[in-house]
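Please read this briefing alongside the sequence and the coordinates. It proceeds by topic, from aromatic rings to a helix and then to strands.

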Amino acid sequence: MSEWRNWAGDQRCRPSTVALPSTVAEVSALVMAAAKSGVTIKAVGSGHSFNDIALTSGVQLRLDGISGLLRVDREAKLATVAGGTRLHEIPALLAPYGLAMENLGDIDQQSISGAISTGTHGTGLKFGGIATQVRALTIVTGTGELKRCSATENPDLFAVARVGLGALGIIVEVTLACVDSFMLHAVERPEPLPAVLESLAERNATRDHFEFYWFPHTELALTKTNTRYPPGGLPQGVGSLSPASRLVDDVLVSNTAFSALCNFSAKVPSAIPGINKMAAKLTGNREFGDASHKVFATQRTVRFREMEYAVPLAQIPTVLAELEAMIARRGLQISFPVEVRSAAADDIALSTANHRDSGYIAIHQHVKSSPFEYFRAAEEIFRAHSGRPHWGKWHFLQSKDFIELYPDLEKFCIVRDVLDPKKVFRNAYLDRVLP
């Protein structure tokens with residue numbers, strides 16, 4: 001069997017079988033067959049998880065054939081999509097109904113089922129992660145049974161299944177709470193990091209969507225502020241990027257040139273501080289507006305590894321100061337910027353924002369640079385501040401560590417044991433992180 005790799009290229013497996021079902025009935029039959037024969041089965045989306053959560057030596061289930069818009073309730077603003085639908089496909093599916101997803105992250109290549117299962121999120125303290133937009137799920141359990149859940153139907157399952165890690169079943173349908181279509185006014189500016197941190201609480205509280213990138217070895221931050229407007233309601237003079245501007249800014253500068261700089265800095269680490277100063281000034285100083293999904297998501301062609309932790313919102317400045325001191329103390333040369341976002345608290349059992357407003361701090365390393373000294377040292381800092389790792393990104397935690405972080409973990413595992421009694425969905429990752 002051929003080797004499967006994730007987007008970053010460093011997580012690899014050789015499934016015993018690759019299945020490409022085109023109906024929910026086929027998914028159920030494949031799961032029942034796996035349970036009967038004693039093999040494992042694992043659904044995989046676009047491979048945008050950075051750790052081994054999607055790896056399997058058993059049956060790999062690719063949901064590309066379980067895709068598309070299934071139904072819409074325009075009055076209730078509810079849309080149901082098949083589990084394999086990619087996030088970047090959803091805007092066009094919703095457009096005829098004048099609807100949009102409430103919030104998105106900065107990458108939209110993931111499947112909807114994979115995105116919610118790992119806790120993918122965007123930014124904006126008024127909004128939760130993508131899983132908080134879910135109003136109902138239909139899951140194929142470990143016995144092949146089709147089970148639907150919502151706040152009123154199988155509510156105990158719904159409480160844990162929205163961020164389910166792939167441990168509870170195969171998600172074949174997702175009903176999303178949508179909003180009326182809207183536009184975003186984007187303002188991107190390089191600013192001094194101390195000034196950004198000083199005003200961070202106010203910006204998070206008053207802006208619709210705020211995030212920033214800090215470039216290590218510098219005192220520079222690239223800020224991104226997105227403000228919501230109804231269609232046709234952008235401020236006067238604000239328009240979309242021209243094709244030429246988008247080509248220069250998003251392709252040539254942010255991807256092609258940055259990739260070349262990363263390749264060079266991997267060979268000449270001493271050049272990184274100077275490169276970072278230049279990159280901070282080159283990659284952000286613009287203002288534009290467009291449909292929401294065109295502003296939220298950006299193209300990513302530079303391959304990297306990523307670790308991201310959610311910490312209590314007020315701890316962001318302290319954690320960044322400790323990261324900066326650690327990088328200097330260890331003499332690390334870090335070429336990728338540190339991304340900082342926020343999200344509202346929610347009540348989902350294994351959400352990284354469970355019962356607390358959260359600040360997200362993401363660190364990256366180019367695929368040609370070893371990340372492990374940096375990641376392990378950063379993780380010590382994150383953990384000292386009660387950090388919770390993104391389920392689909394690098395971390396080194398095990399089940400005993402998560403017991404302290406998630407009060408509802410035991411409840412999650414009880415539901416898992418009922419839905420998947422033979423552990424057909426298990427893999428090395430789940431064995432490591434779940435009791």
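The points below describe selected side-chain and backbone arrangements in this structure.

The model is predicted, and local features are described only where pLDDT is at least 70. A search of the whole structure finds 13 aromatic pairs, and two of these are described first, followed by helix 13, an open sheet of 3 strands and the surroundings of strand 18.

**Aromatic pairs and charges over rings**

- Trp-7 and Phe-304 form an edge-to-face pair, with 5.1 Å from centre to centre and 70 degrees between the planes.
- Because Trp-7 lies in the loop between strand 1 (4-5) and strand 2 (12-13) while Phe-304 belongs to strand 17 (residues 304-312), this pair ties together parts that are 297 residues apart in sequence.
- Both Trp-7 and Phe-304 are buried, and ring pairs link these two residues with Phe-50 and Phe-336 into a cluster.
- Phe-210 and Phe-212 form a tilted pair, in which the centres are 6.3 Å apart and the planes make 40 degrees.
- Phe-210 has a relative accessible area of 3% and is therefore buried, the cut-off being under 20%, and Phe-212 likewise counts as buried at 0% relative accessibility.
- Two arginines lie over the faces of phenylalanine rings: Arg-162 is at 4.2 Å from the ring centre of Phe-158, and Arg-376 is at 3.9 Å from the ring centre of Phe-396.

**Helix 13 and what covers it**

- In helix 13 (residues 409-419), the buried residues are Leu-409, Phe-412, Cys-413, Val-415, Arg-416 and Leu-419.
- These buried residues lie on the same side of helix 13, because the arc they cover around the axis is only 160 degrees.
- An α-helix has 3.6 residues a turn, so residues three or four places apart point the same way.
- Glu-410 and Val-418, on the other side of helix 13, are exposed.
- The cover over the buried residues of helix 13 includes strand 10 (146-150), helix 4 (155-161) and helix 12 (399-405).

**The open sheet of 3 strands**

- The strand order in this open sheet is 3-5-4, and the pairing is parallel.
- Strand 3 (17-19) and strand 4 (41-44) are the edge strands, each of which pairs on one side only, and the twist from one strand to the next averages 25 degrees.
- Strand 4 pairs with strand 5 (residues 59-62) in the parallel sense over 4 bridges, and Lys-42 has Gln-60 of strand 5 as its bridge partner.
- Helix 1 (residues 24-37) packs on the sheet and touches strand 3, strand 4 and strand 5, while its direction makes about 145 degrees with that of strand 4.

**Strand 18 and its partners**

- Strand 18 (residues 338-343) is mostly covered, with 6 of its 6 residues buried.
- Val-338, Val-340 and Ser-342 point one way from strand 18, whereas Glu-339, Arg-341 and Ala-343 point the other way, and all of them are buried.
- Strand 14 (residues 209-214) runs antiparallel to strand 18 and is joined to it by 3 bridges, and the bridge partner of Trp-214 in strand 18 is Val-338.
- Strand 19 (residues 358-366) also runs antiparallel to strand 18, with 5 bridges joining the two, and Ser-358 of strand 19 stands opposite Ala-343.

Technical notes
Residues numbered from 1 in each chain as written. Predicted model: local features only at pLDDT ≥ 70, side-chain atom pairs only at ≥ 80, totals over all residues. Heavy atoms only, no water. Phe/Tyr/Trp six-rings, centres within 6.5 Å; stacked < 30°, edge-to-face > 60°. Buried < 20%, exposed > 50% of the residue type's maximum accessible area, 1.4 Å probe, protein only. Lys NZ or Arg CZ within 6 Å of the ring centre and 35° of its normal. Arc of directions from axis to C-beta. Contact = heavy atoms within 4.5 Å. Pairing = 2+ DSSP bridges. Axes fitted to C-alpha atoms, helices over the stretch in contact; angles between N-to-C directions.
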